[in-house]
Amino acid sequence: MREYYDDRIVALSTRLVTPFIQVFALYVVFHGHYSPGGGFQGGAMLAASFLLIRLSIGTEAAQLQFRRSWGTPGSSIGTLVYLGTGLIVVFLGVNFLDYSGLPLGLPAPELRNTGILLVELGVAVAVAATLTAIYDDLVGERPAAHHAGLEDEATPTEEADQIADPAAGAPDA
């Protein structure tokens, strides 16, 4: 199975379009508390730009934008930003996600805008990281790299559990 389709036109188009998708995703996140859109939509668009790179150029090149190891920490950080924004005000005696209680020293309307923006950023980071991590987990690693050395490290009892090569015949019982 091919990891990606090696085509120069597709690769060039992807490299040209991806920054515009990412800028528009950030616009949707930052403008989400004024109009339809917000953290989920912006995060999904950001993840789509990461996946476009993975599909058209390959997973190795995509590691420059969003590494496989960033999925779980990114999801956790985004969730903690959302949860932290809501819990800070609870500890200060205000209702959960009542942004007017944020301790930033701003007037109430600006506090609400800042609180909503923090929540939208947290959701966007969590959604983008989660969707990218799901794709990376589904694709997995290359089979050759994943199963390399399996035959050398197997004990006699594990050899029976390995998939037998049809040309070699079935193992003796």
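# Eight helices, question by question

User: Which element do the buried residues of α4 pack against?

Analyst: Keep in mind that we're looking at a predicted model. In α4, the buried residues are Gly71, Gly74, Ser75, Gly78, Thr85, Gly86 and Val89. These buried residues of α4 pack against α5.

User: How many helices does the protein chain have?

Analyst: Walk along from the N terminus and the elements go α-α-α-α-α-α-α-α. There are 0 strands in the protein chain, and the number of helices is 8.

User: Which helix has the highest mean pLDDT among the elements?

Analyst: For the protein chain overall, the mean pLDDT is 80, and 77% of the residues reach 70 or more. At the low end of the elements sits helix α6 (residues 143-146), with a mean of 44. At the high end, with 93, is helix α2.

User: At which residue does α4 bend?

Analyst: α4 has 21 residues, and its first and last C-alpha atoms are 30 Å apart, close to the 30 Å expected at 1.5 Å a residue. Even so, there's a bend of about 25° in α4, and it is at Gly84.

User: And where does α1 bend?

Analyst: α1 has 23 residues and reaches 34 Å from end to end, C-alpha to C-alpha, close to the 33 Å expected. Its bend is about 30°, and a proline, Pro19, follows within four residues. The residue at the bend of α1 is Val17.

User: Is Ala25 buried or exposed?

Analyst: Ala25 has its place in helix α1. Leaving out residues up to four places away in sequence, Ala25 touches Gly42, Met45 and Leu46. The cut-off for buried is under 20% relative accessible area. Ala25 has just 1%, so it counts as buried.

User: What about Arg15, buried or exposed?

Analyst: Arg15 lies in helix α1 as well. To count as exposed, a residue needs over 50% relative accessible area. Arg15 has 53%, so it is exposed.

User: How far apart in space are Arg15 and Ile53?

Analyst: Along the sequence, Arg15 and Ile53 are 38 residues apart. Arg15 belongs to α1, while Ile53 is one of the buried residues of α2. From C-alpha to C-alpha, the separation in space is 7.7 Å.

User: What share of the contacts with a separation of 6 or more comes from residues 24 or more positions apart?

Analyst: A contact here means heavy atoms within 4.5 Å. Of the contacts in the protein chain with a separation of 6 or more, residues 24 or more positions apart account for 59%.

User: What helps cover the buried residues of α2?

Analyst: The buried residues of α2 include Gly42, Leu46, Ala47, Phe50 and Leu51. The cover for the buried residues of α2 includes α1, α3 and α5.

User: Which residues form the aromatic cluster?

Analyst: The structure holds 3 aromatic pairs. In one aromatic pair, Phe66 and Trp70 are 5.8 Å apart, centre to centre, with 85° between the planes. Planes over 60 degrees apart count as edge-to-face, and that's the label for Phe66 and Trp70. The cluster is made of Phe50, Phe66 and Trp70.

User: Does Trp70 count as buried or partly exposed?

Analyst: Its partner Phe66 has 10% relative accessibility, so Phe66 counts as buried. Under 20% is buried and over 50% is exposed, with partly exposed in between. Trp70 has 39%, so it counts as partly exposed.

User: What is the phi of Leu97, which is not a glycine?

Analyst: Most residues other than glycine have a negative phi. Leu97 lies in the loop between α4 and α5, and at 21% relative accessibility it counts as partly exposed. The phi of Leu97 is positive, at about 60°.

User: Which residue with a positive phi follows α4?

Analyst: Take α2 as a parallel case: Gly58 follows it, with a positive phi near 120°. After α4, the phi is positive and near 90°, and the residue is Gly93.

Methods
Residues are numbered from 1 along each chain as its sequence is written. This is a predicted model: local features need pLDDT of at least 70, side-chain atom pairs count only at pLDDT 80 or more; totals for chains, interfaces and linings use all residues. Side-chain values use heavy atoms; hydrogens and water are left out. Helices (H or I, at least four residues) and strands (E, at least two) are DSSP runs, numbered from the N terminus. Rings of Phe, Tyr and Trp (its six-membered ring) pair if their centres lie within 6.5 Å; planes under 30 degrees apart count as stacked, over 60 as edge-to-face and the rest as tilted. Buried means under 20% relative accessible area, exposed over 50%, partly exposed in between (1.4 Å probe, protein chains only). The expected span of a helix is 1.5 Å times one less than its number of residues. The bend at a residue is the angle between axes fitted to the seven residues ending there and the seven starting there. pLDDT is the predictor's confidence in each residue, from 0 to 100.
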